[in-house]
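Trainee: Could you take a close look with me at the aromatic side chains in this one? I'd like to go through them slowly.

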Amino acid sequence: MEIDINLLTKSNKLELKKPRLPDAIEAKKIYQYFKFQYFKDHQVSFIENIEAKNLVYTLIYYFQNKDNFFNSSLLYPIFGTNFSLHKGLIIIGGYGTGKSTILKTFQNLINTVFKSRITLKFNAVIDVVQEFETTIQEDIAAFNEKYNNGSRIFDDLKSEKEASRFGKKDIFKEILFKRCENKKITTIITANYQEESPNDMEVAIEEFYRYEGRVYDRIIGNFNFIQLQDKSYRK
């Protein structure tokens with residue numbers, strides 16, 4: 001699908017503070033670009049169930065920086081906090097509900113199709129831990145600099161094991177702390193429900209205590225939570 005560059009002018013002139021989709025293009029049009037890119041990325045058609053479609057539109061409005069985001073039925077309220085387009089996103093759902101594949105396609109929409117000035121990187125948390133395990137001591141500072149900065153998706157948080165190369169260490173405890181302290185970057189996280197408590201958001205959120213209280217408090221204050229309740233549609 002070809003894009004009319006003139007439609008990008010309004011968004012490209014903005015001072016971007018996070019990866020962006022052009023706000024001059026209607027959400028319905030971007031949704032069509034999404035479906036086209038989804039098939040290109042995954043070689044299967046996007047399954048347009050109600051929840052998955054709602055998630056796509058929620059993400060479109062989030063990356064367009066539009067107030068329509070606040071109308072999403074998927075937003076999960078946390079007492080004492082407010083929803084904000086300046087916060088990151090934590091998407092919690094069961095296995096196989098499309099979180100990862102949808103976000104991988106958004107990465108390509110933002111970086112390649114619409115060429116946002118601020119790019120979005122996708123990282124599976126198990127790959128980040130593995131990279132740490134194979135990083136020599138002299139390069140640890142560069143590793144930290146890499147993951148403490150830039151707009152990133154961290155996929156399947158809470159599933160990672162502790163690193164052990166330099167002694168037992170939960171590397172995401174420090175990554176999350178640093179990223180919550182930096183208000184100039186965007187962090188998007190996917191996580192699953194606890195297997196024993198499907199669709200229980202309270203339990204799923206409480207599990208972030210594994211990163212200790214100082215990080216948990218920052219997570220609660222720095223993220224919008226999105227709740228998915230559909231069952232897996234993997235075949």
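Which residue lies over the face of F177, and at what distance from the ring centre?

Mentor: That one is R214, which lies over the face of F177 at 4.0 Å from the ring centre. Bear in mind that we're looking at a predicted model. There's another charge over a ring to look at: the charged end of K18 sits over Y62, 3.6 Å from the centre of that ring. Y62 also takes us into a bigger story, as it belongs to one aromatic cluster made up of Y31, F34, Y38, F46, Y57, Y61, Y62, F63, F69, F70 and F106.

Now for the pairs. The structure has 18 aromatic pairs. Take F34 and F46, which meet edge-to-face, with 5.0 Å centre to centre and 90° between the planes. F34 is in helix α2 (residues 27–42), while F46 is in the loop between α2 and α3 (50–64), so this pair ties together parts that are 12 residues apart in sequence. Are these two buried or exposed? F34 has 0% relative accessibility, so it counts as buried. F46 comes out at 8%, so it is buried as well.

Next, try F69 and F70. They too form an edge-to-face pair, at 5.6 Å centre to centre and with 70° between the planes. Here the two partners part ways: F69 is buried at 0% relative accessibility, whereas F70 is partly exposed, with a relative accessible area of 34%. Buried means under 20% here, and over 50% would be exposed, so a value in between is called partly exposed.

Terms used: Residues are numbered from 1 along each chain as its sequence is written. This is a predicted model: local features need pLDDT of at least 70, side-chain atom pairs count only at pLDDT 80 or more; totals for chains, interfaces and linings use all residues. Side-chain values use heavy atoms; hydrogens and water are left out. Rings of Phe, Tyr and Trp (its six-membered ring) pair if their centres lie within 6.5 Å; planes under 30 degrees apart count as stacked, over 60 as edge-to-face and the rest as tilted. Helices (H or I, at least four residues) and strands (E, at least two) are DSSP runs, numbered from the N terminus. Buried means under 20% relative accessible area, exposed over 50%, partly exposed in between (1.4 Å probe, protein chains only). A charge sits over a ring if NZ of Lys or CZ of Arg is within 6 Å of the ring centre and within 35 degrees of the ring normal.
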